[in-house]
Amino acid sequence: QEYPVPAGSHPHDVAPAPDGGVWYVAQHLGELGLLDPKTGQIRRIKLGEKSRPHGVIVGPDGAPWLTDSGLNAIVRVDPATEKVTVYPLPSGREGANLNTAAFGKRGVLWFTGQSGIYGRLDIQAGRMEVFDAPKGRGPYGIAATPDGTVYFVSLAGSYLARLDPDTGAATVIEPPTPKQGARRVWADSKGHLWISEWNVGQLGRYDPATGAWKEWRLPGEKPGAYAVYVDDRDKVWLTDFGANALVRFDPVTEKFEVFPLPSGNAQVRQILGRHGEVWGAESGTDKLVVIRTP
């Protein structure tokens, strides 16, 4: 099912809200939106002049947290009052091209920037640190495993990296396929990391316990594996730009199922979900889309 959002929004990322709504970032309008799937109504919150939000997640506090490349800041929005709190990156870190964020251990927010940085915001201590990424530009997707360990992937650098929660250091882990274009990453309930390999149209899996990798090519002639998300049944979902579809992978049978999107050229760049639902943002059509599973 698709839901229209205001024209010109270019919705980039989505995050299901605790109250049943769905947060999304309107990248081209500098807004955060909240869709009510029951009514189709949308609440719109302006984030400030020059805002260009990219990612949104729901934090442990139940509030939406955003990476905003226009403001070069992490942004929190109070869901009750709509108060916008901006945490700017330190001086000298302008133009970070902030991408996505994830909460790790001790409630610390980690984030990536495609210009070649990653960082962390310790909310309780009120301290932000920014680090130079291995191999320079490219940090993109980021996710935490069930034990709170945070990993990110580099699209330009084609690697997976594990972050040390104490020092902040990044340890590079090389996938088997060179120049694969690791775009986004997600963890399953066992702590395995699933990676969308954009340049080669593959899904990768890394097991931190054994160091073992396995990769699968998506079906079709020219698959474009963009987003990846693992649901609460450990099924792996991807968006395929080549097929204009959502794709589900079963790790047990190692088989893919393809679900074509209703609108052409949907360009779903990120997916997230909750029990029985997988949500995506159609940046190409100004719509949100959900696939509901029994």
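This report describes two sheets, a hairpin, the largest pocket and several single residues in a predicted model.

**Two open sheets**

One open sheet has four strands in the order S18-S19-S20-S21, and the pairing is antiparallel. Strand S18, residues 182-187, and strand S21, residues 212-217, stand at its edges; each has a single partner strand, so one side of each is left without a neighbour in the sheet. From one strand to the next, the twist averages 20 degrees. Within this sheet, S18 pairs with strand S19 (residues 193-197) in the antiparallel sense, over five bridges. Ala182 has Glu197 in S19 as its bridge partner.

Another open sheet is formed by four strands in the order S14-S15-S16-S17, again with antiparallel pairing. Here the edge strands are S14 and strand S17 (170-173), each of which pairs on one side only. The twist in this sheet averages 25 degrees from one strand to the next. Strand S15 (residues 150-154) and strand S16 (residues 159-163) run antiparallel and are joined by four bridges. In this pair, Tyr151 stands opposite Arg162 of S16.

As background, the strands of a sheet pair through backbone hydrogen bonds, in either a parallel or an antiparallel way.

**The S12-S13 hairpin**

Strand S12 (residues 117-122) and strand S13 (residues 127-132) run antiparallel and are joined by six bridges. Ile117 is placed opposite Asp132 in S13. The two strands, S12 and S13, form a hairpin with four residues between them, and Gly126 in the turn has a positive phi of about 65 degrees.

Gly119 is a residue of strand S12. Its relative accessible area is 0%, and because buried means under 20%, Gly119 counts as buried. Not counting residues up to four places away in sequence, Gly119 touches Leu109, Trp110, Phe111, Glu129, Val130 and Phe131. Ser91 is 28 residues from Gly119 in sequence, and the C-alpha atoms of the two are 14 Å apart in space.

**The largest pocket**

The volume of the largest pocket is about 550 Å³. Its lining consists of 29 residues, and those nearest the centre are Ile57, Val58, Ala101, Trp186 and Leu272. Several strands give two or more residues to this lining, among them strand S2 (11-16), strand S6 (53-58), strand S10 (98-103) and strand S26 (268-274). S14 and S18, described above as edge strands of the two sheets, also give two or more residues each to the lining. By class, the lining residues are 21 nonpolar, six polar and two charged.

**Single residues**

The table sets out the accessibility of five residues.

| Residue | Location | Relative accessible area | Class |
|---|---|---|---|
| Tyr3 | strand S1 (residues 2-4) | 6% | buried |
| Gly119 | strand S12 | 0% | buried |
| Lys135 | loop between S13 and S14 | 53% | exposed |
| Glu254 | loop between S24 and S25 | 36% | partly exposed |
| Ser283 | loop between S27 and S28 | 5% | buried |

Tyr3 lies in strand S1. Leaving aside its neighbours within four places in sequence, Tyr3 is in contact with Leu35, Pro37, Gly40, Trp279, Asp286, Lys287, Leu288, Val290 and Arg292. Tyr3 and Thr39 are 36 residues apart in sequence, with a C-alpha to C-alpha distance of 10.0 Å.

Ser283 sits in the loop between strand S27 (277-282) and strand S28 (287-292). With neighbours within four places in sequence left aside, Ser283 is in contact with His10, Pro11, Ala266, Gln267 and Arg269. Of these contacts, Pro11 belongs to residues 11-16 of strand S2, and Arg269 to residues 268-274 of strand S26; both strands give two or more residues to the lining of the largest pocket.

Two loop residues other than glycine have a positive phi. For Lys135 the value is near 65 degrees, and this residue is placed in the loop between S13 and S14. Lys135 counts as exposed because its relative accessibility is 53%. For Glu254, which is not a glycine either, phi is positive at about 60 degrees. Glu254 lies in the loop between strand S24 (245-250) and strand S25 (255-260), and its relative accessible area of 36% makes it partly exposed.

Notes:
Residues numbered from 1 in each chain as written. Predicted model: local features only at pLDDT ≥ 70, side-chain atom pairs only at ≥ 80, totals over all residues. Heavy atoms only, no water. Pairing = 2+ DSSP bridges. Axes fitted to C-alpha atoms, helices over the stretch in contact; angles between N-to-C directions. 1 Å grid on protein atoms, 1.4 Å probe; cavity = no way out; pocket = protein on both sides within 12 Å on 5 of 7 lines; lining within 4 Å. Points joined across faces, edges and corners; volume = space filled by probe spheres on them. Nonpolar A, V, L, I, M, F, W, Y, C, P; charged D, E, K, R; others polar. Buried < 20%, exposed > 50% of the residue type's maximum accessible area, 1.4 Å probe, protein only. Contact = heavy atoms within 4.5 Å.
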